[in-house]
Amino acid sequence: MLSRVWEEPIIHQSNINVNRADTPLSSLIKHLLPHQDKSPQLCLKPNQNSPTINIPPPDPSNQLHFEATYRRVCSLLLSQTQSRSLLKGLQLHAQIIKLGLQSVPLVSHQLINFYAKTQLPLLSRKIFEESQFRSATTWSSVISSFAQNEQPALAIEYFRRMLHDHVRPDDHIFPGATKSCAILGRCDIGKSFHGLAVKIGYDFDVFVGSSVIDMYAKCGEIRDARKMFDEMPERNVVSWSGMIYGYAQMGENEQALKLFKEALCLDLDVNDFTFSSVIRVCGSSTLLELGKQIHGLCLKTSYDSSNFVGSSLISLYSKCGIIEGANRVFDEVPSRNLGMWNAMLIACAQHGHTCRVFELFKRMEIDGMRPNFITFLCLLYACSHSGLVNQGKHYFELMKDYGIEAGDQHYASLVDLLARAGKLEEALRVVEGIHIQPTESVWGALLTGCRMHGDTELAAFAADRIYELGTVSSGMHILLSNVYAAAGRYEDAAKARKLLRDQGIKKETGLSWVEEGSRVHTFVSSDRSHPKTIEIYRKLNELGEDMERAGYVADTRFVLQQIDGGEKNEAIRYHSERLAIAFGLITFPPDRPIRIMKNLRVCGDCHTAIKFMSKCCGRVIIVRDNNRFHRFEDGKCSCGEYW
């Protein structure tokens, strides 16, 4: 994929196809710079304060003069690479061709690196192919160029070509190859590279070993990564960061935090990637206080301006229910990459700030930031959870303008948007018109809409299609069971649950938790194990009386078990989120919002009850379920009843 710099006017003037490997570089540069001065003198002014640089043509008969000339050219190239100055680099490249220096191996190496850093890997490839002499350094440069610029398959292909040319890989070449395996998720190829590194004695090299750890961790082979980590005689920040990231990715948050603490105890100079991984652990575990402490550490080490850290901090504050903190982080980072924009978009969407989502997208376009498939998922999600059907359709069609092909997740979001809005027939037409086979998530979105609007016939049709897919997730079995139970078809509901038991999968237990200082208090439905159980139930009963006087009536339709009315009232009164809220009411000061986290979707009756709770006790209650955030205040919810 070429960088968006190709959209600049200078490139539009050219009709050269950069994707063709047979286009000579000299022709390409000529077209890129049609008005370039033909003088062989090299005159560049990096800025107004810099003196003019004049480099006369090298004298081939004078070896010292020739070396001085190409070394000065390499120095200039390195300067343009560090500043990411594409236009000046292209001008310099044109002069290199005129001076006849393109065949010098060191110059070729610097040109490959320049185009790699300016996100033009296919130009790196052209320079490599036209190089007359290819050293291990040249191979390393082109492989790294592909690995750094979303061309992992090419990186692996050129690694194989290098072996066929009998070039021995070194400690600079292996990291680019293993990184490409991590991007592709091809642990099998990565193991082959690891085996080769062992064979030629590079397995315990700190750079090679660290890249292997990173590859295993990103491919989900956490045991292999840890084995390599423990056996390394020397580790660097990449080794530690790779392991921490691997644990975080696998959901082994305790191990990730333990390893991070160990790294700090060893006075390791952790980098922004390390901080990013640990902050994401805090976000996924909603450990707000610990996340704040690490944020403070980032401020002290000046890593707060990193885009990696910024994206993680936005996610942390958003997942912990503090959207204001996420906005503050976003506004304070001076230069934002696409990851930060997407993080802020999904944060606003989950908190129901739909107008803010649209505003951010417009700012992205103005700033010249090109959206990707994740950006449009955020937009569709925001539209879906606000009932904005026309806007959702608009953004779905807009993807074509950016050359983004809709995937199963985009179709699932569009179906969810239509189904939630009650347009079930239109949603079905979308499913049947998909150019790829509809996935479980697509049919699941339709099934959820059918359940919301009571269309049991279409729900049964969607359920049949889901079963035809073969093995489905445990959550889908529960959804099917709940759909049947809500329709009074208890036998079908029992069959769905039996199928789940036959597969050896247990229904996920509903949990709610609240953070108090450095402690996390977790509750399940009708829980009586907490040390403050007596006070919690007393507070719930007192609040229940106030709620009933204010007009609350329990809706027992959300109790799907076959039990009598009295038991249903008891079952719904002590749901886990209500216990967590009662704990917050007796623990936190009146001016502090009560933030509750849930692993499952909040039920309809609890949603109504919490509105009454917020009105009767005069508190702000923020509940995050597995779908979105609900901010309850003075008897109203931020979702606007559209959830």
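Accessible areas here come from the Shrake-Rupley method with a 1.4 Å probe. On that basis, the accessible surface of this protein, shown as a predicted model, comes to about 30,700 Å², and carbon and sulfur atoms account for 50% of it.

Begin with the whole chain in a cartoon view. The fold comprises 32 helices and eight strands. Colouring by relative accessibility then gives a view of the interior: of the 643 residues, 49% count as buried. If contacts are displayed next, restrict them to residue pairs at least 6 apart in sequence; among these, 64% join residues at least 24 apart.

Two backbone positions merit a closer look. Most residues other than glycine have a negative phi. The following two residues have a positive one.

Select helix 7 (136-148) and helix 8 (152-164), and then the loop between them, where Glu150 lies. Glu150 is not a glycine, yet its phi is positive, at about 60 degrees. Is the residue buried or exposed? With a relative accessible area of 59%, Glu150 is exposed, because the cut-off for that class is over 50%.

Continue along the chain past helix 8 to the loop that precedes helix 9 (173-184); His166 is located in this loop. Here too the backbone carries a positive phi of about 60 degrees, although His166 is not a glycine. Display its side chain together with the molecular surface: His166 counts as exposed, at 74% relative accessibility.

To close the tour, select Glu150 and His166 together. Helix 8 borders both loops, with Glu150 in the loop between helix 7 and helix 8 and His166 in the loop between helix 8 and helix 9.

Notes:
Residues are numbered from 1 along each chain as its sequence is written. This is a predicted model: local features need pLDDT of at least 70, side-chain atom pairs count only at pLDDT 80 or more; totals for chains, interfaces and linings use all residues. Side-chain values use heavy atoms; hydrogens and water are left out. Helices (H or I, at least four residues) and strands (E, at least two) are DSSP runs, numbered from the N terminus. Buried means under 20% relative accessible area, exposed over 50%, partly exposed in between (1.4 Å probe, protein chains only). Contact means heavy atoms within 4.5 Å.
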